[in-house]
Amino acid sequence: MERPARRRVPRRLRTPYAPALVLALVAAGFAAWAGQDWYAAAHDDRAAYAVQRDRALAAGEQAVQNLNTLDHRDLDRGLDLWEASTTGELHEQLTAGRDDFAGQVKEAETVSTARVLSGAVTELDDRAGRARVLVALRVTVRAADGTRSDKDSRMLGELTRTDGRWKLSALGQAPVGGAPAG
């Protein structure tokens, strides 16, 4: 009787270290893939753009709220906040008319407070340092006689980045319904 020929398996593949070696190679491949993916995400320009968009939105909402909040009992603080929130031509207009406006507010004895309802960045040019925001807010005005009135409005603001901070450089009422923007 003839014996069938036995197939020889090389000794190195029968060692108990082979599965560990395969597992180590798979783990190294996964680590390389994950590292490359992490590096690409960390150096993606879209992430930096999103950060600037969020900063512009937060600054725009805060500045619009600041410019719609004023208390006749603490007028200088409120007007200082207005000036700190603005730049450019809007800043110049506020500083030039500050004394006249302060006199009107003191005489009327009003307190206005604004609350941001929502906001959005409509344009962002990160390289030029310019952005536009649309902010919806509710302004509550308390008159000297104690009457209170609420008004919801939408404001369009232009922001300019100065010294690394976003500040309002223009502010106006947003058109309502089908009214053309002017």
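In the predicted model, the buried residues of helix H5 are Arg98, Ala102 and Val105. Viewed along the axis of H5, these buried residues fall within an arc of 65 degrees, so they line one face of the helix. An α-helix has 3.6 residues a turn, so residues three or four places apart point the same way. The other side of H5 carries the exposed residues Asp99, Asp100, Gln104 and Glu107. Packing of the buried residues of H5 is against strand S1 (70–71), H3 and H4. After H5 comes Glu109, which has a positive phi near 55 degrees.

At the level of the whole chain, the domain assignment gives domain 1 (2–42) and domain 2 (45–173). The C-alpha centres of domain 1 and domain 2 are 62 Å apart. According to the unreviewed UniProt entry, residues 69–170 are covered by the annotation "domain: SnoaL-like". This span is 29% helix and 50% strand, and its end C-alpha atoms lie 17 Å apart.

The strands form an open sheet of 5 members in the order S1-S2-S3-S4-S5, and the pairing is antiparallel. S1 and S5 occupy the edges with a single partner strand each, so one side of each has no neighbour in the sheet.

Within the sheet, S3 and S4 run antiparallel and are joined by 13 bridges. Val135 has Met155 in S4 as its bridge partner, and Arg130 stands opposite Thr160 in S4. The two strands make a hairpin with 5 residues between them, and Gly146 in the turn has a positive phi of about 95 degrees.

Strand S4 (residues 148–162) also pairs with strand S5 (residues 165–173), in the antiparallel sense and over 8 bridges. Glu158 has Ala170 in S5 as its bridge partner, and Arg161 has Trp166 in S5. The hairpin of S4 and S5 has 2 residues between the strands, and Asp163 adopts a positive phi near 50 degrees there.

Two residues of S4 were examined individually. Ser153 lies in strand S4 and counts as buried because its relative accessibility is 10%, where the limit for buried is under 20%. Beyond residues up to four places away in sequence, Ser153 touches Val135, Ala136, Leu137 and Gln173. Thr162, also found in strand S4, is partly exposed, with a relative accessible area of 23%. This class applies because the value falls between the limits of 20% for buried and 50% for exposed. With neighbours within four places in sequence left aside, Thr162 is in contact with Thr87 and Lys167. Thr162 and His91 are separated by 71 residues in sequence and by 13 Å in space, C-alpha to C-alpha.

The largest nonpolar core has 23 residues, and Leu137, Leu159 and Leu168 are those with the most contacts inside it. Two or more residues each are given to this core by helices H2 (45–67), H3 (75–84), H4 (88–96) and H5 (98–108), and by strands S2 (111–125), S3 (130–142), S4 and S5. S3 provides the largest share of the core, 5 residues. Among the core residues with the most contacts, Leu137 is also touched by Ser153. For Leu168, the contacts outside residues up to four places away in sequence are Ala63, Val64, Leu67, Ser85, Thr86, Thr87, Leu90, Gly157, Glu158 and Leu159. This list includes Leu159, itself one of the residues with the most contacts inside the core. The list also includes Glu158, the residue with Ala170 as its bridge partner in S5, and Thr87, with which Thr162 is in contact.

Note on methods: Residues numbered from 1 in each chain as written. Predicted model: local features only at pLDDT ≥ 70, side-chain atom pairs only at ≥ 80, totals over all residues. Heavy atoms only, no water. Domains from an automatic or database assignment. Pairing = 2+ DSSP bridges. Helix = DSSP H or I, 4+ residues; strand = E, 2+ residues; numbered from the N terminus. UniProt positions renumbered as here; feature names shortened; annotations may be inferred. Buried < 20%, exposed > 50% of the residue type's maximum accessible area, 1.4 Å probe, protein only. Contact = heavy atoms within 4.5 Å. Core = buried A, V, L, I, M, F, W, Y, C linked by side-chain atoms within 4.5 Å. Arc of directions from axis to C-beta.
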